[in-house]
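Let's take a friendly walk through the side chains of this model. Have the viewer ready, and follow along residue by residue.

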Amino acid sequence: MTDVKLTATGHTVLGILSFGQALSGYEIRQWARHSIGHLYTTPAQSQVSGELTRLEAAGLVTGTPVAQDDRPDKVVYELTDAGADALADWIARAPVPAPVLKHHVALRVFLGHAVEPARLVAMLEEHRDRLLVSLDELETYSVAMAGDPSAGHSAVVADWIADLQRGDLAGVERTLKA
C-alpha cells in the first residue's frame, strides 16, 4: 500500500477509473460532471490533471500515450492493482463525515428580507428549472445503467440523488406558495 495521502479528487479519479475504462484527464472530468456531479462537487480540470500526475507517481494509475489523427497525442489512464486497493481501502475504512449541505438558494431565501420578494421568486423559479433538468438527466442515467453490471451501484445512487432533488423541488414549490 502506498503512503500517499489522497484527496477527495484523487479518490474520485480512482473511482471513475475503477469502472474499467482507460480515460484521459478530460474524459475523467466529463464522467465526473455527468455522474457524481449530481451528488458531489465536480473537480476542475486542473485538479484532475494534478491528481493524475500524483497518482501516477504513486503507482496508483498508469498513463499511456495515444496518438490521434487530427490532434496532439493524449494520455489515457488506467487503474493499477495498487490503485484499486487504495480505493477499496478508502471506501471500507476511512471515516465517513456527515454530509455538508451548501444550498446557496436556501441561504439567500433565509436572508431574503434584504431584497425585493420578486427577486426571491425569480431565484426559486430558476432553481426549480435547474432541478427539473437535473432530474431528467438522472432518470436518463438511471435507465441507461439499470441493466449494466459494470455500472456497480451507480443507478441506485442516481435514484437516491433524484429522491433528494425531488424533496428539494417540493421545498421550492412550498416556498413559492408561501
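## A salt bridge within helix H3

Glu51 has a relative accessibility of 8%, so this residue counts as buried. The cut-off for that class is under 20% relative accessible area. Please keep in mind that this is a predicted model.

Which residue does Glu51 pair with in a salt bridge? The partner is Arg54, and the closest N and O atoms of the two lie 3.1 Å apart. Arg54 itself is partly exposed, at 33% relative accessible area. Both residues belong to helix H3 (residues 45-57), where they sit three residues apart, about one turn of the helix.

## Other salt bridges

How many salt bridges does the structure hold? There are eight. As a general point, side chains of opposite charge can pair when their charged atoms come close.

One of the eight links Arg71 with Asp70, with 3.7 Å between the closest N and O atoms. Here Arg71 and Asp70 are both exposed. Another joins Asp129 to Arg128, with the closest N and O atoms 3.8 Å apart. Asp129 counts as partly exposed, at 42% relative accessibility. Through salt bridges with shared partners, Arg128, Asp129 and Glu173 are joined into one network.

## The aromatic pair

Searching the whole structure for aromatic pairs turns up one. Its members are Phe19 and Trp31, with 5.1 Å from centre to centre and 55 degrees between the ring planes, an arrangement classed as tilted. Why does this pair tie together separate parts of the chain? Phe19 is in the loop between helix H1 (8-17) and helix H2 (25-34), while Trp31 is in helix H2, so the contact bridges parts 12 residues apart in sequence.

Are these two rings' residues buried, exposed or partly exposed? Phe19 is partly exposed, with a relative accessibility of 33%, and Trp31 is also partly exposed, with 27%.

## A negative patch on the surface

Now turn to the surface, where Asp136, Glu137, Glu139 and Asp159 form a negative patch. Which helix gives the largest share of this patch? That is helix H6 (residues 117-145), which supplies three residues.

Asp159, another member of the patch, is located in helix H7 (residues 154-177). Its relative accessible area is 37%, which means that Asp159 is partly exposed. Patch residues need over 30% relative accessible area and no salt bridge, so Asp159, at 37%, is above that area cut-off.

Key
Residues numbered from 1 in each chain as written. Predicted model: local features only at pLDDT ≥ 70, side-chain atom pairs only at ≥ 80, totals over all residues. Heavy atoms only, no water. Phe/Tyr/Trp six-rings, centres within 6.5 Å; stacked < 30°, edge-to-face > 60°. Helix = DSSP H or I, 4+ residues; strand = E, 2+ residues; numbered from the N terminus. Buried < 20%, exposed > 50% of the residue type's maximum accessible area, 1.4 Å probe, protein only. Patch = residues over 30% accessible without salt bridge, like charges linked within 9 Å, V, L, I, M, F, W, Y side chains within 5 Å. Areas by Shrake-Rupley, 256 points an atom, 1.4 Å probe, with all protein chains shown as cover. Salt bridge = Lys/Arg side-chain N within 4 Å of Asp/Glu carboxyl O. Lys, Arg positive; Asp, Glu negative; His and termini not counted. Charge placed at Lys NZ, Arg CZ, Asp CG, Glu CD.
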